[in-house]
Amino acid sequence: MRVQGRIPACGMISQYNLTQPEGVTNLANIVYKKIRMQGFHFFDYVNLYPKFLEFVLSHLKEGKIVYVEDIAEGLENGPAALVGLFSGRNFGKQVLLVAPE
């Protein structure tokens, strides 16, 4: 982390099924580097959603925002794809392709 860095925290899906939650280590760096860590929830910003859509959709259409999809093909692969969400196996947006278009 850089000096005066900021760490946003939202969602902790990797922690849901742990019997012993994982903790933060090396907390001294928060003090030494003057780092700020703050949790947030999307409900705090739901009123901004229309403005967000207006901004993001135009950027998506122009190719300014690129995203990654992790596609699991076939309904039979759905359970493994779901379990992968909790273990960090997937990268990007997890999609289950049930049938080709």
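Where in the chain is the place of Lys 34? Select Lys 34 to begin the tour of this predicted model, and you will find the residue in the loop between α1 and β2, the latter covering residues 36–39. Its phi is positive, about 55°, although Lys 34 is not a glycine. Most residues other than glycine have a negative phi. Lys 34 counts as exposed because its relative accessibility is 52%, and exposed means over 50%.

Go next to Asn 26, which sits in the loop between β1 and α1 and likewise has a positive phi without being a glycine, here about 60°. Asn 26 has a relative accessibility of 54% and therefore counts as exposed.

**Strand β1 and the loop after it**

Now select Arg 6, whose place is in strand β1 and which is exposed, with a relative accessible area of 67%. Add Ile 35 to the selection and draw a distance between the two C-alpha atoms: Arg 6 and Ile 35 are 29 residues apart in sequence, and their C-alpha atoms are 5.8 Å apart in space.

From there, move to Met 12, in the loop between β1 (residues 6–9) and α1 (residues 28–32). Met 12 has a relative accessible area of 42% and is for that reason classed as partly exposed. If you then add Ile 13, Tyr 16, Leu 82 and Phe 86 and display the surface, you will see the nonpolar patch that these residues make together with Met 12, with an area of about 480 Å².

**Helix α2 and what follows**

Select residues 49–61, which form helix α2; the helix has 13 residues and reaches 18 Å from its first C-alpha to its last, close to the 18 Å expected at 1.5 Å a residue. Following α2 is Gly 63, with a positive phi near 75°.

On either side of that glycine, show the side chains of Glu 62 and Lys 64, which meet in a salt bridge with an N to O distance of 3.0 Å. Both of these residues are exposed. How many salt bridges does the structure hold? There are two, and the other stop of this kind comes with strand β3 below.

**Strands β3 and β4**

Select residues 69–73, strand β3, and colour its two faces separately: Asp 70 and Ala 72 belong to the covered face, whereas Glu 69, Ile 71 and Glu 73 belong to the uncovered one. In a regular strand the side chains alternate between the two faces of the sheet.

Bring in residues 93–97, strand β4, which runs parallel to β3 and is joined to it by five bridges. Two pairs are convenient to highlight: Glu 69 stands opposite Lys 93 in β4, and Ala 72 has Leu 96 of β4 as its bridge partner. To follow the chain between these strands, trace it from β3 through helix α3 (residues 78–87) to β4, a β-α-β crossover that is right-handed.

With β3 still selected, turn to Asp 70, which forms a salt bridge with Arg 89, the closest N and O atoms being 3.3 Å apart. This pair links distant parts of the chain, since Arg 89 lies in the loop between α3 and β4 and Asp 70 in strand β3, the two being 19 residues apart. Is each partner buried or partly exposed? Asp 70 counts as buried because its relative accessibility is 17%, and buried means under 20%, while Arg 89, at 48%, counts as partly exposed.

**A last selection**

Finish with Gly 74, in the loop between β3 and α3, which has a relative accessibility of 12% and so counts as buried. Select Phe 43 as well, and draw one more C-alpha distance: the two residues are 31 residues apart along the chain, and their C-alpha atoms are separated by 33 Å.

Conventions:
Residues numbered from 1 in each chain as written. Predicted model: local features only at pLDDT ≥ 70, side-chain atom pairs only at ≥ 80, totals over all residues. Heavy atoms only, no water. Buried < 20%, exposed > 50% of the residue type's maximum accessible area, 1.4 Å probe, protein only. Helix = DSSP H or I, 4+ residues; strand = E, 2+ residues; numbered from the N terminus. Pairing = 2+ DSSP bridges. Right-handed = clockwise from strand over helix to strand, strands pointing away. Patch = residues over 30% accessible without salt bridge, like charges linked within 9 Å, V, L, I, M, F, W, Y side chains within 5 Å. Areas by Shrake-Rupley, 256 points an atom, 1.4 Å probe, with all protein chains shown as cover. Salt bridge = Lys/Arg side-chain N within 4 Å of Asp/Glu carboxyl O. Expected span 1.5 Å × (residues − 1).
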